[in-house]
Amino acid sequence: MVTISAQRTATTGPFEGMAAQAALASLMDRVGAARVLREHHVWEAVRILPETAGLPEDIKQSPEFRGLMEKEAFTAALRLLAHACTPARDLSDLVPHGDCWRATVSVCGGLDRASRCRLTQAGHRDPPAAVLIALLGSAIRTSSRFVRQKRSKAAVKQELQK
């Protein structure tokens, strides 16, 4: 007789059991290597951000968030996630920069917001991907303020051969 534990039957994501900061860095690498942002990247961020950026757990059930995801309005959905974090984040800039887009996410806290504002920037060829990388970067505990994710020539070549 074979018994299967309940833990084994539950489906787990690729980062289940991984430390939150390591999962965050890993997701940033995956998004940086992708040609365009995909829905599963955003859902993985929703799973990680409650622990690292104070995102409320119930955001997954928000009709507004779900509606944006169904429409594939990823930038708007990410903006909603950023505002829901504690402290709140703001997509303060999304501009083309050469052959990529540069997103800037600001995190402000405390009473004196001007002096306590922290910026995180990220670049990617896909605008929503740049926004997600910057949002994830704002949750990483590091002294770096600029997060640059660039696909290697080998990754581009491999993608074109598919």
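**A loop, a helix and its neighbours**

Start at Glu 72, in the loop between helix H4 (63-70) and helix H5. Helices (H or I, at least four residues) and strands (E, at least two) are DSSP runs, numbered from the N terminus. The model is predicted: local features need pLDDT of at least 70, side-chain atom pairs need 80 or more, and totals for chains, interfaces and linings use all residues. Residues are numbered from 1 along each chain as its sequence is written, and side-chain values use heavy atoms, without hydrogens or water.

Look at the backbone of Glu 72. Its phi is positive, about 60°, although Glu 72 is not a glycine. Most residues other than glycine have a negative phi. Is Glu 72 buried or exposed? Glu 72 counts as exposed, because its relative accessibility is 55%. The cut-offs for relative accessible area are under 20% for buried, over 50% for exposed and in between for partly exposed (1.4 Å probe, protein chains only).

Now step back to the whole chain. The protein has 162 residues, and 40% of them count as buried. Its elements comprise 7 helices and 4 strands. From the N terminus, they run α-α-α-α-α-β-β-β-α-β-α. Take the contacts (heavy atoms within 4.5 Å). Among those between residues at least 6 apart in sequence, 54% join residues at least 24 apart.

Next, follow helix H5. Two packed helices are described by the angle between their axes and the distance between the axes. Axes are lines fitted to C-alpha atoms, for helices over the stretch in contact, and angles run from 0 to 180 degrees between N-to-C directions. H5 (residues 74-84) packs against H6 (residues 127-139) at about 15°, with the axes 9 Å apart. H5 and H6 are therefore roughly parallel, a term for angles under 35 degrees. On the H5 side, Phe 74, Thr 75, Leu 78, Leu 81 and Ala 82 make the contact. On the H6 side, Pro 128, Val 131, Leu 132 and Leu 135 do so. By class, this contact has 8 nonpolar, 1 polar and no charged residues. Here Ala, Val, Leu, Ile, Met, Phe, Trp, Tyr, Cys and Pro count as nonpolar, Asp, Glu, Lys and Arg as charged, and the others, Gly among them, as polar.

H5 also meets helix H3 (residues 39-53). Their axes come within 11 Å and cross at roughly 5°. H3 and H5 are therefore roughly parallel too. H3 offers Glu 39, Val 42 and Val 46, while H5 offers Phe 74, Leu 78 and Leu 81. The classes here are 5 nonpolar, no polar and 1 charged.

Which residues does Ala 77 touch? Leaving out residues up to four places away in sequence, Ala 77 touches Phe 65, Leu 68 and Met 69. Ala 77 sits in H5. It is buried, because its relative accessible area is 0%. Val 42 is 35 residues away from Ala 77 in sequence, but their C-alpha atoms are 8.6 Å apart.

Leave H5 through the loop that leads to strand E1 (89-97), and you meet Pro 87. A cis peptide bond joins Thr 86 and Pro 87, with omega about -5°. Most peptide bonds are trans.

Finish in strand E3 (residues 117-124), where Leu 119 is found. Leu 119 counts as partly exposed, because its relative accessibility is 42%. Leu 119 and Cys 108 are 11 residues apart in sequence and 8.7 Å apart, C-alpha to C-alpha.

Definitions and conventions:
Angles under 35 degrees count as roughly parallel, over 145 as roughly antiparallel, 65 to 115 as roughly perpendicular and the rest as oblique.
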